[in-house]
Amino acid sequence: MNYVYPISALYAGPLALIFYYKIGQKRTLKKTAEETDAAISIPNKPFWQSVAIGALHCGSGCTVGDLFAEAFLFFVPVSIFGSKLAGTWTIDFLLAFAFGILFQYYALRPMKNLTVKAALIAALKADALSLTAWQVGMYGWMALSFYWIFGYKIPVTNPLFWFMMQIAMLWGFVTAYPVNWWLIRRGIKEKM
C-alpha cells in the first residue's frame, strides 16, 4: 500500500489525499501500534472502505501500466486491423493487466506465505475481473471524450489527454468498485 496511495494521487489528486488521511492512515497507525505494542485501539474498517482500498490497489497497477504503455506507444505506435486506437488500447490493457497482477502478487505472497506459483494464481483470481472492469470504465470515458465530447483522438502530447485520462481513471475506480465488492464478498479477493 506504500505505492498505492501516491500512485492514486496521480489521477485523483486531493481525493486520494483525503482518502489516505481519513481511511488509509488508520491502517498505518494500527500497524505501528502493533509493532511497538502500544495500546491504541483502532476499530476494523467498514466493508465499503476495504472494497475501496481493494479497488485502489487494482487501479494503481492499471495506472502504472497505462503510463508505461502510453510512453512506449508515443515512440512505437501500434496498429491493430489498421486502427491505432485499437493498438493503443490493446497494449494499454496488456501492460495494465500485467502490472495489476504484479501488484496483487506482491501483496498476497508475503501476506499468505505462498509459493511463487500459488501467489501468481491467487493474484490472477483476485484481480483479473477487477482489472478488466477498471479498464472498461477507463476506455468508456476515453471513447466518450474522443468520439462524443471532442470528436477526435486527443494526442498524448496534449495536456488535455492527460486530464481526460485522470477522469478516465476515476471512472475505472467506479466500474471496478462493484466488482471488488463481489470478489471480496465471495472470498476470492482478500480484504485490504
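1. Start with Gly151 in this predicted model. Leaving out residues up to four places away in sequence, Gly151 touches Ser145 and Phe146. Gly151 sits in the loop that joins helix 5 and helix 6. Its relative accessible area is 54%. The cut-off for exposed is over 50%, so Gly151 counts as exposed. Gly151 and Leu67 are 84 residues apart along the chain, and 23 Å separates their C-alpha atoms.

2. Phe146, one of the two residues that Gly151 touches, leads to the core. The largest nonpolar core has 37 residues. Phe146 is among those with the most contacts inside this core, along with Phe19, Trp134, Met142 and Phe161. Six helices each supply at least two residues of the core: helix 1 (4–12), helix 2 (14–35), helix 3 (47–75), helix 4 (84–112), helix 5 (116–149) and helix 6 (159–185). Helix 5 gives the most, with nine residues. As background, nonpolar side chains in soluble globular proteins tend to be buried together.

3. Take Trp134 next. Which residues does Trp134 contact, leaving aside its neighbours within four places in sequence? One is Tyr11. Others are Ala55, Cys58, Gly59 and Cys62. The list also holds Met169, Gly172, Phe173, Thr175 and Ala176.

4. Now Tyr11. This residue is found in helix 1. Is Tyr11 buried or exposed? Its relative accessibility is 6%. Buried means under 20%, so Tyr11 counts as buried. With neighbours within four places in sequence set aside, Tyr11 is in contact with Leu56, Thr63, Trp134, Gln166, Met169 and Leu170. Tyr11 and Ala168 are 157 residues apart in sequence, yet their C-alpha atoms are 8.8 Å apart in space.

5. Look at helix 1 against helix 3. The two pack at an angle of about 65°, and their axes are 9 Å apart. Angles of 65 to 115 degrees count as roughly perpendicular, and helix 1 and helix 3 are therefore roughly perpendicular to each other. Their crossing is left-handed. From helix 1, the contact uses Val4, Tyr5, Ile7, Ser8, Leu10 and Tyr11. From helix 3 come Ile53, Leu56, His57, Ser60, Thr63, Val64 and Leu67. By class, this contact has nine nonpolar, four polar and no charged residues.

6. Helix 1 also meets helix 6. How do their axes cross? They cross at roughly 120° and come within 8 Å. That angle makes helix 1 oblique to helix 6. Helix 1 brings Leu10, Tyr11 and Ala12 to the contact, and helix 6 brings Gln166, Met169 and Leu170. Five of these residues are nonpolar, one is polar and none is charged. Note Tyr11 here: it takes part in the contact of helix 1 with helix 3 and in that of helix 1 with helix 6.

7. Last, helix 4 and helix 5. This pair packs at an angle of about 145°, with axes 7 Å apart. The crossing of helix 4 with helix 5 is right-handed. What classes of residue make up the contact of helix 4 with helix 5? There are 22 nonpolar, four polar and three charged residues. Both helices also appear in the list of those that supply at least two residues of the largest nonpolar core.

Terms used. Residues numbered from 1 in each chain as written. Predicted model: local features only at pLDDT ≥ 70, side-chain atom pairs only at ≥ 80, totals over all residues. Heavy atoms only, no water. Core = buried A, V, L, I, M, F, W, Y, C linked by side-chain atoms within 4.5 Å. Buried < 20%, exposed > 50% of the residue type's maximum accessible area, 1.4 Å probe, protein only. Helix = DSSP H or I, 4+ residues; strand = E, 2+ residues; numbered from the N terminus. Contact = heavy atoms within 4.5 Å. Axes fitted to C-alpha atoms, helices over the stretch in contact; angles between N-to-C directions. Parallel < 35°, antiparallel > 145°, perpendicular 65-115°, else oblique. Left-handed = near helix turned anticlockwise from the far one by under 90°. Nonpolar A, V, L, I, M, F, W, Y, C, P; charged D, E, K, R; others polar.
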